[in-house]
Amino acid sequence: MYHNQTKQLDQSRFSSRALYEYEKYNHVVQNPRILLAESDQIQYCEMCTDLIRCISSNLEIRDAEYEYDLTKLQIIGTCCLCALILKLVDHQLSSELWNVPLEYVKYRRDRLHLDKFMVQMKYNKEKETIYFGLGPNTDKAHIGVLASGPPRYEHFVSGTTDSLDCWNLAKTWLSSCRSRHDCEVTALSKKLPTRLIQIRESGLLFPRLIDSILLADTVEYCTLSHCWGDGNFLQLQKGNYKDFYSLIPYDLLSKTFRDAIYAANILGFSYIWIDSLCIVQGDKEDWAREAGTMSNVYANSSLNLAATSARRDDGLFTTRQPSKILPCLTRPLHHDIKEMVLFDRELWQLSIEASVLARRAWVVQELFLAPRTLYFGQDQLFWECSEGSCCETFPWDPITFYTPIAKSVAKSERGDLSCTWDSLLLFYSHASLSFGSDMLVAISGIARHLSNRGLGEYVAGLWRNGIEHQLLWRTGSLYTIQYGHLPLQYRAPSWSWAALEDTTIHSFGYLKAIYFQGFVMKYYYAIRVIGFSLEPKYQGDVFGELNGGSMTIQCSSLKKMPQLECNERGEIQQLYDSTETICVIPDTRENEPGPRFLLFVMTFESHHRENFNNTRPWPFGVTGLVLENADHQVECFKRVGTFWIDGYPSSRICRSGEYFETFRDCDNDPPPWVDDGDSQSNSLGADEFSNGSTTQDKRQSKSRFRSSIWSRLEDAEMSWEAQQKVTLDPDFEKQFIITLI
């Protein structure tokens, strides 16, 4: 569209690389490919054809087997199934998993639904073979089978992701989303970033900075998510600030930045936002100001470009073997084979969520807030919006069994937003930061967004509504202790997960969904947060860095923690009795010497099972915080861990295989407060949190569980007694005020 204007330009103004990219751009937009028939690319070797025939003829029965010889796999060839199985075997051998199920799923155009049976592959190490058979277990399925009806595959897979076909497909995804989906900007107000990069002038790539105040609010722009690496690339600084408004030297940009500008141009955008080119690096005031607007930068963008496979300066595009990308459709084969498609069930997880980019903490909020993201993966392009996800292997429909993490937040109710935060926190804590001081800042965009959407007041990584149970986050894995570390400089109060680094964080919302799955629970608070104080580093910004913070709690019971050894799971076996177990989970190894205290936070009780097949022990018990004195003040404490007192056998602990073998033959009668009606009905509905109000109703106002272990522990000496009781458990005669810092 710009070739006539180009003849009138003084081409000496533009770099040779910019001219080259311009020619590529013209070639893409003016030469659409005529798509080939799907049978032209999708091919199978003789062995894989026999395997497909075996699967096709035995989908509805459970006793078929097929011996697959790994030594005959085509390592470099045109067979699509060889490429898929080879990829699977590489993953399985590296993780030493010998049983690889092949799952059978019924296909529907709108959704992909899991059935109750599957085809199973069993790997035999000595014979280097994989056995296919049918079985009942679907928990570890890695290869799926979609049966009947996938649309025609009309995408031509070339040897690079920078091809006519890839760009045509990306444009199709973008235009389809714009016309059919409700995936427009997710910000509450339309506001452009302070600065943008203008991509072209007179049709040629001529990037330069421009203040968005000069642009209309309706201007569309895209953003870039990338890994910084060592940061040794051209950036916006005070020394080149004015020059960038005239011209950003295209040839001196990193390959990833050049590719991003080139991609944005091909996709029809005139502006792009790149963090290190639009925020003045080394200017703390500019960085603090722009970091506070990050939620709007990505939420107001029209498209986010994600450099998924670029470790440092690898760029967006890769070369690949087409057979590894093509779907294993059976339609091109003989008429006696049923229509189906074999696929990798972990395609999204391995390609996107386990990518180098996803391990960067700043990227979590970038991918969450952007209404649409185009991922440039190691082997292929991926697409994600609030309506679903696609890729070159599955260009026509959402990727099987994958729901974009929190992408539908704009349509969620408040309860769903809490679950969204729990999932994001787990994902975020897995990622890494170059600067630990960014722990709260790098997720502040999401926090602002969810606060505006209905989660309300944000308190140092927690939420004011329901903050009592949010204090019960824990570190490490679900069943073993993995310690975090205290940063060298202050980041957050001890009661916030942001006070730790180098560990995975599990919120209580996530823990209860795992530990108490299959039960309807009730929770009774023994504390109440009556106030808190935060000291933001930058005035008024409670979402960013903090210089200090405290919380005032009215509590009912504080015990001295006995000086006894814990095993690797945190269990104090000396305190076990025939009815209860106790487990202590320290946050770090770096605690000061001195006494520890146990703060009773909450009682949990199961009232009935959600289905009759649930044979796990009934969960009930006590959970709370492990504290230590802070600054030698009697009523001032720091959090150093959490504890659980479980009814024996513990449903929470029994989820691990070893413990289930130990406890499965134990008495599993319901607790005394569960009658036959409770255990066989769903009258209580969803989980409930109670503050112990004295108002009596048929569902009871306080916990009926009383811990024998807790009653045997020594009370801590408390002097600051509350003048007025709040609605805590009425069984506690006294209530005290403590401060957590």
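**View 1. The whole chain, all 741 residues of it, with 58% counting as buried.** Here, buried means under 20% relative accessible area, exposed means over 50%, and partly exposed is whatever falls in between (1.4 Å probe, protein chains only). This is a predicted model with residues numbered from 1 along each chain as its sequence is written, and local features need pLDDT of at least 70, while side-chain atom pairs count only at pLDDT 80 or more. Totals for chains, interfaces and linings use all residues, and side-chain values use heavy atoms, with hydrogens and water left out. The secondary structure adds up to 19 helices and 29 strands; these are DSSP runs numbered from the N terminus, with helices being H or I of at least four residues and strands being E of at least two. Take the contacts with a separation of 6 or more: 74% of them come from residues 24 or more positions apart, where contact means heavy atoms within 4.5 Å. About 32900 Å² of the protein chain is exposed, and carbon and sulfur atoms supply 48% of that; accessible areas come from the Shrake-Rupley method with a 1.4 Å probe, and for residues only the protein chains shown count as cover.

**View 2. An open sheet of 8 strands, with mixed pairing.** The strand order reads 7-6-9-8-10-13-14-15. Strand 7 (204–211) and strand 15 (388–391) sit at the edges with a single partner strand each, so one side of each has no neighbour in the sheet. From one strand to the next, the twist averages 25 degrees. Angles like this run from 0 to 180 degrees between N-to-C directions; axes are lines fitted to C-alpha atoms, for helices over the stretch in contact. Helix 5 (residues 164–180) packs on the sheet and touches strand 13 (372–376), strand 14 (381–385) and strand 15, with its direction at about 5 degrees to that of strand 14. Inside the sheet, strand 6 (residues 195–201) and strand 9 (residues 271–273) pair in the antiparallel sense over 2 bridges; two strands pair if DSSP finds at least two bridges between them. I197 has I272 in strand 9 as its bridge partner.

**View 3. Helix 12 (residues 361–369) against helix 14 (residues 444–455).** Their axes come within 8 Å and cross at roughly 35 degrees. On the helix 12 side, V364, Q365, F368 and L369 do the touching, and they meet S444, G445, I446, H449 and L450 of helix 14. Sorted by type, the residues of this contact are 5 nonpolar, 4 polar and no charged. For that tally, Ala, Val, Leu, Ile, Met, Phe, Trp, Tyr, Cys and Pro count as nonpolar, Asp, Glu, Lys and Arg as charged, and the others, Gly among them, as polar.

**View 4. Y515 and W644 in an aromatic cluster.** The cluster is made up of F508, Y515, F516, Y523, F604 and W644. Rings of Phe, Tyr and Trp (its six-membered ring) pair if their centres lie within 6.5 Å; planes under 30 degrees apart count as stacked, over 60 as edge-to-face and the rest as tilted. By this rule there are 30 aromatic pairs. Y515 and W644 have ring centres 5.5 Å apart and planes at 90 degrees, so they make an edge-to-face pair. The pair links distant parts of the chain, with Y515 in helix 16 (residues 508–515) and W644 in strand 27 (residues 636–647), 129 residues apart. Both Y515 and W644 are buried.

**View 5. Strand 22 (residues 546–555), mostly covered.** Of its 10 residues, 7 are buried. Strand 21 (residues 527–536) pairs with strand 22 in the antiparallel sense over 9 bridges, and here S533 stands opposite S550. Strand 29 (residues 736–740) also runs antiparallel to strand 22, joined to it by 5 bridges; C555 has F736 as its bridge partner there.

**View 6. A460 and D502, two non-glycine residues with positive phi.** A460 has phi near 55 degrees and lies in the loop between strand 16 (458–459) and strand 17 (462–463). Its relative accessibility is 1%, so A460 counts as buried. D502 has phi near 60 degrees and sits in the loop between strand 18 (474–475) and strand 19 (505–506). With a relative accessible area of 61%, D502 is exposed.

**View 7. I55 in helix 3 (residues 46–57).** I55 counts as buried because its relative accessibility is 3%. The C-alpha atoms of I55 and I337 are separated by 9.0 Å, with the two residues 282 apart along the chain.
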